[in-house]
Amino acid sequence: MLVIGIAGGSGSGKTTVVNEITKKLKERVVVIPQDSYYKDSSDVPMEERLKINYDHPDAIDFDLLCEQLKELKKGRSVEQPVYSYITCSRSKTETVTVNPAEVIIIEGILIFTCKKLRDQMDIKIYVDADDDDRLLRVLSRDILKKGRTLETVMERYQKTVKPMYLQFIEPSKRYADIIVPQGGLNKVAIDMISATIEKSLRDKMKK
């Protein structure tokens, strides 16, 4: 089993890179999104939930993520939590069953900030992109897919997204084994990563 971490700022193109790798590996890979592991805030009044800083490492339940990754590496299935951005809480009744696979991809903006999680990764990839490009993608995504207004998105970007990127996410780049410039548009880098994964799998099988 090969564990791959794919990190990068919001709007950097992480999802595109993950999707391209998944297309090449097909059923051999399973993807674990960091966003499923936001801490449950159902005991907090809604007014306070809306103020949660999702770009801070403290928002992530890294203990659960690390524990479930360990179980997968042992060949056991896990019940991944389901988090709702609408209610800002974790579902009490719904989970997603995740089965072990040859390749496990963990994807998220903050995954390299947790040493315990980094230590379980075989390959760490950081998807990089220009700030302007990332901002445009964040604007497009949050307005079209999440129904937010331009003013709301810009306020959040200035107050949390950009400061947290500079404080936590961008510095975590130093832990990467591979840095992908131009985000998901870098087809050459994606092909090289896929080839590296294939080689690593073959090497592991020989041991």
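Trainee: What makes Cys88 a residue to look at in the hairpin of β3 and β4?

Mentor: This is a predicted model, and in it Cys88 takes a positive phi near 55°. The hairpin has four residues between its strands.

Trainee: How do you know that β3 and β4 pair, and in which sense?

Mentor: Two strands count as paired if there are at least two bridges between them. β3 and strand β4 (residues 89-98) have six bridges, so they pair, and the sense is antiparallel. To find the pairing on screen, look for Gln80, which stands opposite Val96 in β4.

Trainee: Which other residue has a positive phi although it is not a glycine?

Mentor: Lys26 is one, with a phi of about 50°. You will find Lys26 in the loop between α1 (14-25) and β2.

Trainee: Why is Lys26 called exposed?

Mentor: The word is used over 50% relative accessible area. Lys26 has 55% relative accessibility, so it counts as exposed.

Trainee: Let's go on to the open sheet. What is its strand order, and how are the strands paired?

Mentor: Five strands make up the open sheet, in the order β2-β5-β1-β6-β7, with parallel pairing.

Trainee: Why are β2 and β7 called edge strands?

Mentor: β2 (29-33) and β7 (178-180) each have a single partner strand, so one side of each is left without a neighbour in the sheet. On average, neighbouring strands here are turned by 20° against each other, ignoring direction.

Trainee: How do you know that β2 pairs with β5?

Mentor: Again, at least two bridges are needed. β2 and strand β5 (residues 103-107) share five bridges in the parallel sense, so they pass. Within this pairing, Val31 stands opposite Ile105 in β5.

Trainee: Which helix lies across β1, β5, β6 and β7?

Mentor: That is helix α7 (residues 187-206), which runs at about 155° to β1.

Trainee: Now the interior. Which residues touch the most other members of the largest nonpolar core?

Mentor: Ile106 and Leu117 do, in a core of 34 residues. Elements giving two or more residues to this core are β1, β2, α3 (62-73), β3 (78-84), β5 and α6 (150-169). Of these, α3 gives the most, with five residues. Leaving aside neighbours within four places in sequence, the contacts of Ile106 include Val3, Ile6, Ile32, Leu65 and Leu117. Apart from this core lies another of 19 residues, among them Val17, Val18, Val180 and Ile190.

Trainee: Is Gln120 buried or exposed, and how do you know?

Mentor: Buried means under 20% relative accessible area. Gln120 has 8%, so it is buried. Gln120 sits in the loop between α4 (115-118) and β6. Not counting residues up to four places away in sequence, Gln120 touches Val3, Cys66, Leu69, Lys70 and Lys73.

Trainee: And what is Leu150 called, buried, exposed or partly exposed?

Mentor: Partly exposed lies between the 20% and 50% limits. Leu150 has 44% relative accessibility, so it counts as partly exposed. Leu150 belongs to helix α6. Beyond residues up to four places away in sequence, Leu150 touches Leu139 and Ile143.

Trainee: How many aromatic pairs are there in the whole structure?

Mentor: Three are found.

Trainee: Why is the pair of Tyr38 and Tyr83 called tilted?

Mentor: Ring centres must lie within 6.5 Å, and planes between 30 and 60 degrees apart count as tilted. Tyr38 and Tyr83 are 5.5 Å apart, centre to centre, with 55° between the planes, so the pair is tilted. Tyr38 lies in the loop between β2 and α2 (46-49) and Tyr83 in strand β3, so the pair ties together parts that are 45 residues apart in sequence.

Trainee: Then what makes Tyr54 and Tyr83 an edge-to-face pair?

Mentor: That name needs planes over 60 degrees apart. Here the centres are 6.1 Å apart and the planes stand at 75°, so the pair is edge-to-face. Tyr54, in the loop between α2 and α3, is 29 residues from Tyr83 in sequence. Both Tyr54 and Tyr83 are buried, and Tyr38, Tyr54 and Tyr83 form one aromatic cluster.

Trainee: How do you know that Arg118 sits over the ring of Tyr175?

Mentor: The distance limit is 6 Å from the ring centre, and the charge must also be within 35 degrees of the ring normal. Arg118 lies over the face of Tyr175 at 3.6 Å from the ring centre.

Technical notes. Residues are numbered from 1 along each chain as its sequence is written. This is a predicted model: local features need pLDDT of at least 70, side-chain atom pairs count only at pLDDT 80 or more; totals for chains, interfaces and linings use all residues. Side-chain values use heavy atoms; hydrogens and water are left out. Axes are lines fitted to C-alpha atoms, for helices over the stretch in contact, and angles run from 0 to 180 degrees between N-to-C directions. Contact means heavy atoms within 4.5 Å. Buried means under 20% relative accessible area, exposed over 50%, partly exposed in between (1.4 Å probe, protein chains only). A nonpolar core is a set of buried Ala, Val, Leu, Ile, Met, Phe, Trp, Tyr and Cys residues joined through side-chain atoms within 4.5 Å. Rings of Phe, Tyr and Trp (its six-membered ring) pair if their centres lie within 6.5 Å; planes under 30 degrees apart count as stacked, over 60 as edge-to-face and the rest as tilted.
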